[in-house]
Protein chains: 2
Amino acid sequence: MDTEINQLRTECFRALCETAGIAVTHQRQVVYEELCVMHGHPSPEEVYGRVRSRIPSISLATVYKTIHLFIESGVFREVSLHHGTLRVETNARPHHHLVCTQCKAIRDIDAEELGLTPAEGQLSDGFLVQRYAVDVLGLCAGCQKSAPQ
Amino acid sequence: MDTEINQLRTECFRALCETAGIAVTHQRQVVYEELCVMHGHPSPEEVYGRVRSRIPSISLATVYKTIHLFIESGVFREVSLHHGTLRVETNARPHHHLVCTQCKAIRDIDAEELGLTPAEGQLSDGFLVQRYAVDVLGLCAGCQKSAPQ
DNA sequence: CTAGGTGCAAAGTATTTGCAACGCT
DNA sequence: AGCGTTGCAAATACTTTGCACCTAG
């Protein structure tokens, strides 16, 4: 029976919503619960598919709105902060990215300046490492001033 | 005068195309040259905008095709391998991603298992680090077998 | 000469928005 | 009761595709 664990999730979710200052609705509750039990990195469509089996009348737009709300509130994260459109890497030097979580600006930082030199070769499960791409997430100087908190 | 440097780029580009086994066309040449002088992480639209000032008749579709060709041939990279659609991170533990460059599959790896613990705090330019997101790019076990080379 | 490349327009996918009805607080 | 939330349909953004014509090799 998942009843008890869902009961627990309901409590957690109410608390989360209170903190974030948003309303607790049945749709949000169900999207939250389904996300909690989904593994991997589901797309809005996949979430929609599962949620619809519990709330047949829900719309995809609501799922999108809810996911965005969760991300803004810090309840969940998105896999990549720069997923919007195709972007070409024009910098040929080995480098990583400073990504501002506020304004989404991306700045390059030379690999050696960042000083991260992880192990090469084969990982335990047979994954063959080619290279590392590091996103350093944080606040750029500008956003630290404008959003002091 | 940029004439000389462009002359040089023309040479480089011909060599690149030869290696990749693709034809050298005026459109590809110009897209290549513009990408070389653009900074940051341009979108196809931005590239189109610049290229159009030199080849007014070029179509956005050609720019897309050309960018994809460049990426496949390894002439340029894309900023994020998982930019397609919004994906929700359901794994609450601190972790990073093993991304297969062949089949695009993403697997989680615990942060401590990867053993990468970079410095916290403030970077030289005032960027305030919150966390690191690492993509380990390579070939998963399956793709190593199917594409031995 | 011919295989591959281009431009156009149309189609496809992903996501957002305006608005009337509805439900939480 | 009032404002935020929902569902719908339409709009928008981004990207791909089919096809006739063109061009590099």
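Which element gives the largest share of the surface near DNA strand C? In this predicted model, that element is helix 4 of chain A, with 4 residues. The paragraphs below take the two DNA strands in turn, beginning with strand C.

Around DNA strand C there are 19 residues, and those that come nearest are Tyr64(A) and His68(A) from one chain and Thr25(B), Thr62(B) and Leu86(B) from the other. By class, this surface is made up of 8 nonpolar, 7 polar and 4 charged residues. On the DNA side, sugar or phosphate supplies 83% of the strand C atoms within 4 Å of the protein, and bases supply the rest.

Several polar contacts to strand C can be picked out in chain B. Thr62(B), already listed among the nearest residues, places a polar side-chain atom 2.8 Å from a phosphate oxygen of DNA strand C. Ser57(B) also approaches a phosphate oxygen of this strand, but with a backbone N or O atom, at 3.5 Å. A base is reached by Lys65(B): an N or O atom in its side chain is 3.3 Å from a base oxygen of DNA strand C. Two or more residues of the surface near this strand come from each of helix 4 (60-73) of chain A, helix 2 (26-37) of chain B and helix 4 (60-73) of chain B.

Turning to DNA strand D, 19 residues surround it, with Arg28(A), Thr62(A), Leu86(A), Tyr64(B) and His68(B) coming nearest. Of the strand D atoms that come within 4 Å of the protein, 80% belong to sugar and phosphate. The residues of this surface divide into 9 nonpolar, 7 polar and 3 charged.

Phosphate contacts to strand D involve both chains. In chain A, the side chain of Arg28(A) has an N or O atom 2.8 Å from a phosphate oxygen of DNA strand D. The side chain of Thr62(A) likewise brings an N or O atom to 2.8 Å from a phosphate oxygen of this strand. From chain B, a polar side-chain atom of His68(B) lies 3.3 Å from a phosphate oxygen of DNA strand D. At the level of secondary structure, at least two residues of the surface near strand D come from each of helix 2 (26-37) of chain A, helix 4 of chain A and helix 4 of chain B. The largest share here, 5 residues, belongs to helix 4 of chain B, whereas for strand C the largest share comes from helix 4 of chain A.

Methods: Residues are numbered from 1 along each chain as its sequence is written. Chains are lettered from A and ligands numbered from 1 in the order in which they are written. This is a predicted model: local features need pLDDT of at least 70, side-chain atom pairs count only at pLDDT 80 or more; totals for chains, interfaces and linings use all residues. Side-chain values use heavy atoms; hydrogens and water are left out. A residue is near a molecule or strand if one of its heavy atoms lies within 4 Å of it. A polar contact is a pair of N or O atoms within 3.5 Å; within protein, one must be able to donate a hydrogen and the other to accept it, and residues adjacent in sequence count only if both atoms are side-chain atoms. Ala, Val, Leu, Ile, Met, Phe, Trp, Tyr, Cys and Pro count as nonpolar, Asp, Glu, Lys and Arg as charged, and the others, Gly among them, as polar.
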